[in-house]
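Biologist: I have not seen this structure before. Please walk me through it, one question at a time.

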Amino acid sequence: MSARAQKGLGAFCCVVVVFLVAPTLVLIPMSFSSGRTLAFPPPGFSLQWYENLFGDPVWRLAGQTSVQVAVLTAILATALGTPAAFGLVRGRFRGRAFVNAIVLAPMIVPLIVVAIGMYAVFASWGLLGSIAGLVIGHTALALPFVVINIAASLQTMDRELEAASLSLGASPLQTFRYVTMPAILPGVLAGALFAFITSWDEVVVAIFLTNPLVNTLPALMWQQVNTEIDPTVAAAANVLTLLTTVLFVAWVVSRRRASIRSKAGPWN
Amino acid sequence: MRVAARARSSLQVSAPGSLVLRDVCKRYGSLVAAAHLDLTVKGGEFVTLLGPSGSGKTTTLQIIAGFVDATSGEVLIDGRPVTAPPHKRDIGMVFQTYALFPHMTAARNVEYPLMVRGIDKRERRRRVVEALEMVGLGDRGTQRPKQLSGGQQQRIALARALVFRPRIVLLDEPLGALDKKLREHLQLEIKRIQQETGITMIYVTHDQEEALVMSDRIAVFNRGSIEQVGTPEEVYESPRSLFVANFVGESNLFHGRIAEHHARPSLLTGDLSLTLPAGAGRGRASLLVRPERLHVLAAGEVPEGDVNVVQAVVEDVVYLGNERRYSLVSADGQKLIARRHVGEQEDGRAPGEPVVVWWPFEDGVLVPAEPEPSE
C-alpha cells in the first residue's frame, strides 16, 4: 500500500472518530453555558447548571436511584449470569442451543418491545415505579453481556488446572474457589462492569418503568428535554458519560497492570 | 484399616502403594479405548505405560486417577477396589502441560494440596521447603510459574504431586514439552526422587528410550491392549510380538516359515535359511536381530562358529560419535541396520562396499508372527 493511500485511510479514520464522539463532546461546552437555553455555541461560561444539577433534589434523587439500580443490576446479573454461563459452556443437556439463544435474545429483540412487555406485566405485579422493577428489567438486558464474558473466560480456561486441583485432593467446591474462580475472575468483573453500564445509561425500559418519584438519570433527562430545554440536561449527560468513561478506563488499566504483574517482578 | 484390608487381600503386597488393574475395559460407543487390561504394580515400583498415541495409555492413567470411569473391570489400590472420586483417591498427578496454577507462586502451588487438607501452617511451611529442596528449587518459591523455565515448572509440579505423600504418583508424558538434553537430565532426576521416596510411579510416555532408561518394568500398549509387560531388558531382548519388537528399539526382522534344516530349526525366508535359537516351534514366525548384534565384515572374510551369514552391500554410514550406524541391503533386497562401536576391528566399511553380515544363532530372537492372545 502506498504512503498516500495509508495517509488517506488515516484521515478517513479521523472522520469516523469525529462522527462518533462529536455528539458527546458538543455537550461539554453547552453544559458550561451562561445562557438559559440549550444552545451551541454557548454565549459565555458558567457553572450554574452543574450547581442546579447537584442542588436540585429532583436531579439528585434521580442520580442516586440510577447508581442504586446500576449497582444492584450488576450484582444480580453477575449472580445469575455466572451459573448460567457454566451451564451453557460445561453442561451437556438437550436444548442447550435454545437456552443459549434465549439468554442472548435481549441483545437482539427491539428494546421498545421488551419495555412494553415489562410495562404490562410489571403493572399487574405492582412493580412500576419501584427500584425492584428497574433492577429486574435492567438485569434482563444486562444478562447477555455477563454470560458472554464469563462463557468466553470459561472456554479459554485450561481445564487441566481443575483436574490437577482435584488430583491434589481439593474438593470440587475448593477447586471452584481456588482455581476456577481466579481464572475466570477477569470475565466476571468485565461482565459486572458491562451490566453496570447497561443499566446506568438505559433509557427506553426506564421510561416505561419509572414515575416522577422513582426516576433514573437518563429517564429524567428525557422528560426534561421534552418539557423545558435547559442546559442542566447537558450537565447531567456529562456526568453520565464521565462515570462510564472512568469505569472503563479503570478497567483497562487494571487489566494491563494484572498482565504486567503476572509476567515479571518479584512476587509473593 | 488399610492394613486389615491388605491382610484380607490375596495379593502379595509388601510396600504400600500397590496397584492392580483387573480386566479393565473402556468403550466410547463402538470405540474401544482400553481392552481387558491386567496389570499388577508393586508398591514402590516404577512402571511405564509405553505406546504410540491413541494406544490407550493415557486413558488407563485417567481411569486410575478417577477422571474416566472404566466400562468394566476393577482398579485396586493396596488391595482395595477404588471407586472414590479423584480428589479422594490420594493419587498425585503430573501433567505434560505442568498445570501449575498461574495465579499462585511456586511455593503456594506446592502448598496447595496441604492447604486443602487443612494441615496447619507451620507443618505446611516445613513440608513445602522440604519438597522444593528435593527438586532443587529451594530458592524459587516466591516466583510465579510464568517466571520459571519449562524444566523448573515441571519440577515444581513434581514437588506439588509428592508433597502430600500420595500412595501413587501418575505422570502423563511429563517431559514431552522439553528439549532432549533437559529431558535426559530430568529422567534421571525423577528416577532419583522416586528411589529416594520409595513412592509408586506410573509413567506414561511414547518415547521408548525414556521407558528403557527409567522403568523397573514397562507395559507396552498397542490399540488399547497391553502387548507385553516386563523389565526393560525383557521387553528389548525378548519381545513377545512384532509390535513390541518394532516399537521398542531398532530392529532387523526376517519373516518366514520355521522348518528343519540340517537338523536344526531354521527360518526359511526368501533364498535364505537362517538358523534359529534353541526352542523354536513351528509355523510362520519372524526372527529379530537387534542392530548391535549384527557384525559387519569385508566381503570374502568368513566368520567362524555357529553363526548366520547374510551377504549385503553398505548403503549408507552415519557417524554418531561413539558408534557408526550402517544401513545395509541384503542380496534379497532386505534393509538391515547395524551399529558398530567406532574404532573396533569391524569398523570402517564404506558406502557401496560389499560386506558379510553375521550374528551368532543365540543372538536372534524368535517372535511369533501373530501377537499372542492376551490371557
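Biologist: Over how many bridges do strand 1 and strand 4 of chain B pair?
Modeller: Keep in mind that this is a predicted model. Strand 1 covers residues 19–28 of chain B, and its pairing with strand 4 of chain B is antiparallel. One bridge pair puts B:R22 opposite B:E74 in strand 4 of chain B. The number of bridges joining strand 1 and strand 4 of chain B is five.

Biologist: How many bridges join strand 1 of chain B to strand 2 of chain B?
Modeller: These two strands run antiparallel. In one place B:V20 faces B:T40 of strand 2 of chain B. The bridges between strand 1 and strand 2 of chain B number seven.

Biologist: Which residue in the hairpin of strand 1 and strand 2 of chain B takes a positive phi?
Modeller: The hairpin has two residues between the strands. The phi in question is near 60 degrees. The residue is B:G29.

Biologist: Which residue of strand 5 of chain B stands opposite B:I77?
Modeller: Strand 4, residues 72–77 of chain B, pairs with strand 5 of chain B in the antiparallel sense. That pairing has two bridges. The residue opposite B:I77 is B:R80.

Biologist: Which strands of chain B stand at the edges of the sheet, and why is one side of each left without a neighbour?
Modeller: Four strands of chain B make an open, antiparallel sheet in the order 2-1-4-5. A strand at the edge has a single partner strand, so one of its sides has no neighbour in the sheet. The edge strands of chain B are strand 2 (31–41) and strand 5 (80–81).

Biologist: How far apart do the C-alpha centres of domain 1 and domain 2 of chain B lie?
Modeller: Chain B splits into domain 1 (2–242) and domain 2 (251–368). Their contact takes five residues from domain 1 of chain B and five residues from domain 2 of chain B. The C-alpha centres of the two domains lie apart by 39 Å.

Biologist: Turn to chain A. How many helices does chain A have?
Modeller: Chain A has zero strands. From the N terminus on, its elements are written α-α-α-α-α-α-α-α-α-α-α-α. Its C-alpha atoms fill a box of roughly 70 × 65 × 40 Å along the principal axes. The helices of chain A number twelve.

Biologist: What distance between the end C-alpha atoms of helix 4 of chain A goes with its expected span?
Modeller: Helix 4 of chain A holds 34 residues, 57–90. At 1.5 Å a residue, helix 4 of chain A should span 50 Å, so its end-to-end distance can be checked against that value. The two agree: the end C-alpha atoms are apart by 49 Å.

Biologist: Where in helix 4 of chain A does a kink lie?
Modeller: The kink is about 25 degrees. The proline A:P83 follows shortly after. The kink lies at A:G81.

Biologist: Which helix gives the largest share of the side of chain A that touches chain B?
Modeller: This contact takes 18 residues from chain A and 23 residues from chain B. On the side of chain A, the elements giving two or more residues are helix 8 and helix 9 (172–200). The largest share is six residues, and it comes from helix 8 of chain A.

Biologist: In which helix of chain A is confidence lowest?
Modeller: The mean pLDDT of chain A is 89. Confidence is highest in helix 8 (residues 160–167) of chain A, at 95. The lowest mean is 85, in residues 232–261 of chain A, which form helix 12.

Terms used: Residues are numbered from 1 along each chain as its sequence is written. Chains are lettered from A and ligands numbered from 1 in the order in which they are written. This is a predicted model: local features need pLDDT of at least 70, side-chain atom pairs count only at pLDDT 80 or more; totals for chains, interfaces and linings use all residues. The expected span of a helix is 1.5 Å times one less than its number of residues. The bend at a residue is the angle between axes fitted to the seven residues ending there and the seven starting there. pLDDT is the predictor's confidence in each residue, from 0 to 100. Two residues are in contact if their C-beta atoms, placed from the backbone, lie within 7 Å. Domain bounds come from an automatic or database domain assignment. Two strands pair if DSSP finds at least two bridges between them.
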